[in-house]
Structure formats: structure tokens, C-alpha cells
Amino acid sequence: FGSPYQDIRVASDPPGAGVYIDDVRVGVAPGSFPVRRNQSLAVEVRKPGYRSEILILEGRKPSTLGLLD
């Protein structure tokens, strides 16, 4: 009944922040990243000179995670 994965979209302002899922670097924002459905995980956006942002997901899909100045 469908894939056990879904994509989450992560954006940052300014662009180019590192995206980490459960402390593993998965790429750079903006971008879409596959995650397992119905599983809790931590999504973090990091960029030198900016405050890191962490969002804990509990089996649902956010529209966008952003890094703010």
C-alpha cells in the first residue's frame, strides 16, 4: 500500500544551510529528503553564523522547515 517513505521539504534563509536528520547530514537546503513514514525523527538546519533550528517530527510531514536570521 504505497512506499514506506515520504519526502520532507527543508528550506533556509539564507540558502545553503546543512540539513541533518537524526544527527546525520543528508544534504543542503533548499531540498527534499526521504524519511520513513510514521517514525519520530529530529530535523536540524545548521549554518555557520546563524542559530540552528531543530524540529522534532512525530510521524507527520511539515510543509517547510526554515532557518531564520
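A residue is called exposed when its relative accessible area is over 50%, buried when the value is under 20%, and partly exposed in between. By that rule Arg51, with a relative accessible area of 55%, is exposed. Keep these cut-offs at hand for the stops below. The model on screen is a predicted one.

**Stop 1: Arg51 and Glu53**

Select Arg51 and add Glu53. The two side chains form a salt bridge, with the closest N and O atoms 2.8 Å apart. Is Glu53 buried or exposed? Glu53 has a relative accessible area of 18%, so Glu53 is buried, whereas Arg51, at 55%, is exposed.

Glu53 also leads into the strands. Show Val45 as well: its bridge partner in β6 is Glu53.

**Stop 2: the sheet of four strands**

Now select strands β5 (residues 40-46) and β6. They pair in the antiparallel sense over 6 bridges. Add β2 and β3 to the selection. With these, 4 strands form an open sheet, and its order is β3-β2-β5-β6, with antiparallel pairing. Which strands stand at the edges? They are β3 and β6 (53-58); each has a single partner strand, so one side of each is left without a neighbour in the sheet. On average, neighbouring strands of this sheet are turned by 25 degrees against each other, direction ignored.

**Stop 3: the hairpin of β2 and β3**

Keep strand β2 (residues 18-21) and strand β3 (residues 24-28) and hide the rest. The two run antiparallel to each other and pair over 4 bridges. Pick Gly18 and look across to β3: Val28 stands opposite. Then go to the turn of the hairpin, where 2 residues lie between the strands. Asp22 takes a positive phi there, near 50 degrees.

From Asp22, bring Ser40 back into view. Ser40 lies in strand β5 and, at 48% relative accessibility, counts as partly exposed. How many residues apart in sequence are Ser40 and Asp22? They are 18 residues apart in sequence, and their C-alpha atoms are 9.5 Å apart in space.

**Stop 4: Arg46 and its partners**

Select Arg46, in strand β5. Arg46 is partly exposed, with a relative accessible area of 28%. Several contacts can be shown from here.

- Add Asp23. Its side chain meets that of Arg46 in a salt bridge, 3.7 Å from N to O. Asp23 lies in the loop between β2 and β3, so the pair ties together parts that are 23 residues apart in sequence. Asp23 is exposed, at a relative accessible area of 63%.
- Add Glu44. Glu44 forms a salt bridge with Arg46, and the closest N and O atoms are 3.1 Å apart. Glu44 is buried, with a relative accessible area of 13%.
- Add Tyr20. The charged end of Arg46 sits over the ring of Tyr20, 3.7 Å from the ring centre.

With the three charged residues shown together, the picture is a network of salt bridges that links Asp23, Glu44 and Arg46. As a general point, side chains of opposite charge can pair when their charged atoms come close. How many salt bridges does the count give? The count comes to 3 salt bridges.

**Stop 5: strands β1 and β4**

Select strand β1 (residues 5-10) and β4. These two run antiparallel and are joined by 6 bridges. Choose Tyr5 and look across: Arg36 in β4 stands opposite. The side chains of this pair are worth showing too. The charged end of Arg36 sits over the ring of Tyr5, at 5.2 Å from the ring centre.

Next, show the side chains of β4 (residues 31-36). Which residues make up its covered face? Gly31, Phe33 and Val35 do, while Ser32, Pro34 and Arg36 make up the uncovered one.

Go back to β1 and select Gln6, which has its place in that strand. At 15% relative accessibility, Gln6 counts as buried, because that value is under 20%. Add Arg37: its side chain makes a polar contact with the side chain of Gln6, at 3.1 Å.

**Last stop: the rings**

Finally, show the aromatic side chains. A pair of aromatic rings is described by the distance of the centres and the angle of the planes. How many aromatic pairs does a search of the whole structure find? The search finds 0. The rings of Tyr5 and Tyr20 each have the charged end of an arginine over them instead.

How values were computed: Residues numbered from 1 in each chain as written. Predicted model: local features only at pLDDT ≥ 70, side-chain atom pairs only at ≥ 80, totals over all residues. Heavy atoms only, no water. Buried < 20%, exposed > 50% of the residue type's maximum accessible area, 1.4 Å probe, protein only. Pairing = 2+ DSSP bridges. Polar contact = N/O pair within 3.5 Å; in protein donor to acceptor, adjacent residues only side chain to side chain. Phe/Tyr/Trp six-rings, centres within 6.5 Å; stacked < 30°, edge-to-face > 60°. Lys NZ or Arg CZ within 6 Å of the ring centre and 35° of its normal. Axes fitted to C-alpha atoms, helices over the stretch in contact; angles between N-to-C directions. Salt bridge = Lys/Arg side-chain N within 4 Å of Asp/Glu carboxyl O.
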